[in-house]
Each structure stands twice: as C-alpha cells, then as structure tokens.
Amino acid sequence: VAALMIVAAGALFLSFALPPLSKLIALFLLSAGFYGGGLITYAVKPSLRPAGAAFAGTGLALLPLCAIATHSTLEISGPATWLGFSAIGTVAVGYATLALKSRVLAWVAVLILVSTAMAGAATMQRGVLYYMLILLVLSIVLMLLASRSERIRASIFFQALLGTAQLLPAFVFVLAAILAEILTSRDLFWIFALLTAQLLLSVRLLANLRLLRTYAARAAFMGVLVSGCNYLGMTATSTWLVLAYAFGLQAVAALRWATGYRQRLGLALKHLQIERAVLWSAGIASVAFAYFAAEGIEAFMLSCIAVPIFMALAVTGLLRGAKLEIGAIAVLPLVTLVDLQIYSWRPLPAFVLALLGLSLAHRRNRSLLREITGHVRWVLALVGAGGLGAALQELATGGDGSANGPASLIAVLLVMFILWVANLASRSLLERGLAQAHRLGRV
C-alpha cells in the first residue's frame, strides 16, 4: 500500500508548479533511488528482503511516470520515448528478476519485452512484421546472454522468455509468407538471417525438438543464400550454383562430424545416410538447374571450373570410404553432357576427375564395392570416350559437327579395345573366367 501511495505521489508531483526540467531530474533520481536502494537492501539485509523487493518494485513502477515526464518536457517523439523507456524497463526488470528471483517480475519482463518490440515497430513506422522481427532480435540478444551465463539460464526470467521465444520463428515465417509479395529481397535476407540465428541458439539452449529446429535453421539459411543472391543481382545460374555448393558442404560436414552430430541429435546411422543422400541429390539437381539457366560463358564456367570443384567435395567422401559419394561423382559428369550440344570438349574435365576419383575408390575398397566402382568407371570411360571422339572430330574439321556421331562411335570402340587388352594383360592366363572375358572382348 505504501509503495502504491509513493507512486501516486509521484504522479501528483508532476502537476506541481516547478520548472519542468527540475521535476524531470527529481523524478529520475527518485525512481533510481528506490530501484537501487531496494536491490541493495535485498542483497545486504536478509531480514529486510520484503521491504527491499517493495522498494525495487516502486522504482520500476515510477518508470512509466518518467517516460510521461520526458515526453512532456523534452521535444522527443512519443514512439521514440516509448522505445527508450521500454528498453530501460526490459533491462531493469530483467536484472531485478535475477536478483529477486521473482516469478511475477519474470512475466512482467516478458510483457515489457513485447512492449519494446511494439515501440520499435512504431518508431520505424512499420507494421506487425517488423514488430515480430524486433521481438526476434531481442530474444536473440537474451539467448546470447543466456548461452554465456549459467545464472541467466537457471533464472525464472529466462524460463518465462523461452515460452514465448519458441513460438516466434513460426509466427515470423507465417507473416513473411503472407506478405511475400510486398517484401523485397533485402527484407527477406534479414528475416531469414534472424530466423537462422534464433533457431541455432534454441538448438543449443533447448533440449526438445532439436532435430526439427536444426532442419528449420538449415532451411532458413538456404533462404538467406537465395535472398542474398537476389539482392546482389546475381544470375539464376550463380544462385543455383551457390545452392549446390551449400548442399554439398552440408553433406561433407555431416560425414566429417557424423559421430558428434548423431550423438547430439540422437540420430540413427540409417537416418544420417538418408540425409546425406538427400543433400547430394539436391546438390546435383541444383547443378542441373544451373545448366538449364546458363547463357554464354556461364556454361563454360560451369563445365570447366564450377562442376569440377563441386566434384572435389565428393572426393573427400571417397577418401573416407563412403558409398554415397561414389554415386554423386558418377552422376555429375553425366549432368555436364547438357553442354555437349555447343562444344563437345567441355564435359571432358568432369569425366577425367570422375575417373580419377573412381580409380581411387576402386583401389581403397574391397569385395562388392570394388566391383561396383570398377563397372561404373568402365561406363564413364566409354561415355567420356564418345565425347573425346566428338571433340577430336570438331578440332579436325574446324567445328563441323556433321560427323560427330561416327567419330564418337570410333572412339568408344577404341577405348573398349584398350580396356579389353589391359584387362587381359593384368590377369593370369589360368584365371577362372578368362575365356569368357576374352570372347566378350572379341565380340
């Protein structure tokens, strides 16, 4: 009751016939005195803790009066005053919650946090989406503080905040989807960037739904890449290529840190294999879309530089004896055949790198996987030989592609003959099955 009377007295004090600036300074000092004195009393005198909590609460209750006095005394706009004092109130109530361990103040702090976000949106003269984004920024800041302090993580204030913070990404995503037609690429970039940061922090701080939040954070990061490429004015080919590298790097990371990734998220080995298969498939599909959107020199850059670098990501998996990377490095050269209609030699670098990678896998593996890599390498060698024959024909005729078909067939037959001779030379004459292999080669 006494605290309420003090607050009422503060309201009456504003109407006294005193200089406005003097009243404002006095009210600030009164609020700070009650707040600081209450916290000190609570910490120093255990027997006076109820009184200390009441004093601190009185100081917090005087903050709205300070805001009113500031707006009426100084030439500051209403939204700016609201934003400034909401931010001060968020910090003051949050610290008081930690010091006093008050559940009531914890929920009051959440409400003031909402008020701060609304004030920020009002100051920027934006709508509800920006209100949600500002609220998302505030939750990210508080989560960063919580990730560095065990005391904050154990506080009632943080537990109250988590209940709201867990729902924010879904609300922001739904609002962004509704307003997608009027949002620019820059707006989408910041929306997805904030969602990524908030979801990653929630994965670290929260024990439930970690796998779902991890996938949501990765999807939001892909949104960051797409909107960022669009904002920078990059072509469709470049955007698809950026997505392909992002998928490939995720697949490499999932293999490199598989043990820790599975332990942290509780994943089975089969689940991880499916995830890596999806990532490589998405990366290869992105490369194919990049080819379909390529124009002019972009196709040359894809075939001779971008795709070989992307294939090098799969080679890292071959060095670890992974099976999925064998499929990825075998399919990628076939994708480059899209560029075969213009210049027959362009797919050749990808075929050379694929043959080298498969030869490496063939030497490092045993039993069935060794046989599979051998057969895949044989098929790619024949397809690459067809491209080589067409390229040599173009070189000999100055670009006339009328005889590319026969030239490709001759090259394929020649490579088959070389492989047949090499196979016979590497095997013993008494080896089982040699006669059948010899007859097949003659055919």
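# Briefing: a pocket and three buried residues

The second largest pocket holds about 380 Å³ of space. A pocket here is an open set of points on a 1 Å grid over the protein atoms alone, where a 1.4 Å probe fits, with protein on both sides within 12 Å along at least five of seven lines. Its volume is the space filled by probe spheres set on the points, which are joined across faces, edges and corners. This is a predicted model: local features need pLDDT of at least 70, side-chain atom pairs count only at pLDDT 80 or more, and totals for chains, interfaces and linings use all residues. Residues are numbered from 1 along each chain as its sequence is written, and side-chain values use heavy atoms, with hydrogens and water left out.

**The second largest pocket**

- The lining has 15 residues (each with an atom within 4 Å of a point).
- Leu200, Thr214, Arg218, Tyr261 and Leu265 lie nearest the centre of this pocket.
- Four helices each supply at least two lining residues: α11 (185-205), α12 (210-231), α13 (236-256) and α14 (258-265).
- Helices are DSSP runs of H or I, at least four residues long, numbered from the N terminus.
- Helix α13 gives the largest share of the lining, 4 residues.
- By type, the lining divides into 9 nonpolar, 2 polar and 4 charged residues.
- Nonpolar covers Ala, Val, Leu, Ile, Met, Phe, Trp, Tyr, Cys and Pro; charged covers Asp, Glu, Lys and Arg; the others, Gly among them, are polar.

**Ser303 in α16**

- Ser303 sits in helix α16 (residues 297-319).
- Ser303 counts as buried because its relative accessibility is 0%; buried means under 20% relative accessible area (1.4 Å probe, protein chains only).
- Beyond its neighbours within four places in sequence, Ser303 is in contact (heavy atoms within 4.5 Å) with Tyr291, Pro308, Asp339, Arg346 and Pro349.
- The side chains of Ser303 and Tyr291 make a polar contact at 2.8 Å.
- A polar contact is a pair of N or O atoms within 3.5 Å; within protein, one must be able to donate a hydrogen and the other to accept it, and residues adjacent in sequence count only if both atoms are side-chain atoms.
- Trp345 is 42 residues from Ser303 along the chain, with 9.6 Å between their C-alpha atoms.

**Arg276 in α15**

- Arg276 belongs to helix α15 (residues 269-293).
- At 6% relative accessibility, Arg276 is buried.
- Outside four places in sequence, Arg276 is in contact with Ala251, Ala254, Leu255, Ala322, Leu324 and Glu325.

**Ala69 in α4**

- Helix α4 (residues 63-73) contains Ala69.
- Ala69 is buried, at 5% relative accessibility.
- Leu24 is 45 residues from Ala69 in sequence, yet their C-alpha atoms are 6.1 Å apart.

How values were computed:
Buried means under 20% relative accessible area, exposed over 50%, partly exposed in between (1.4 Å probe, protein chains only).
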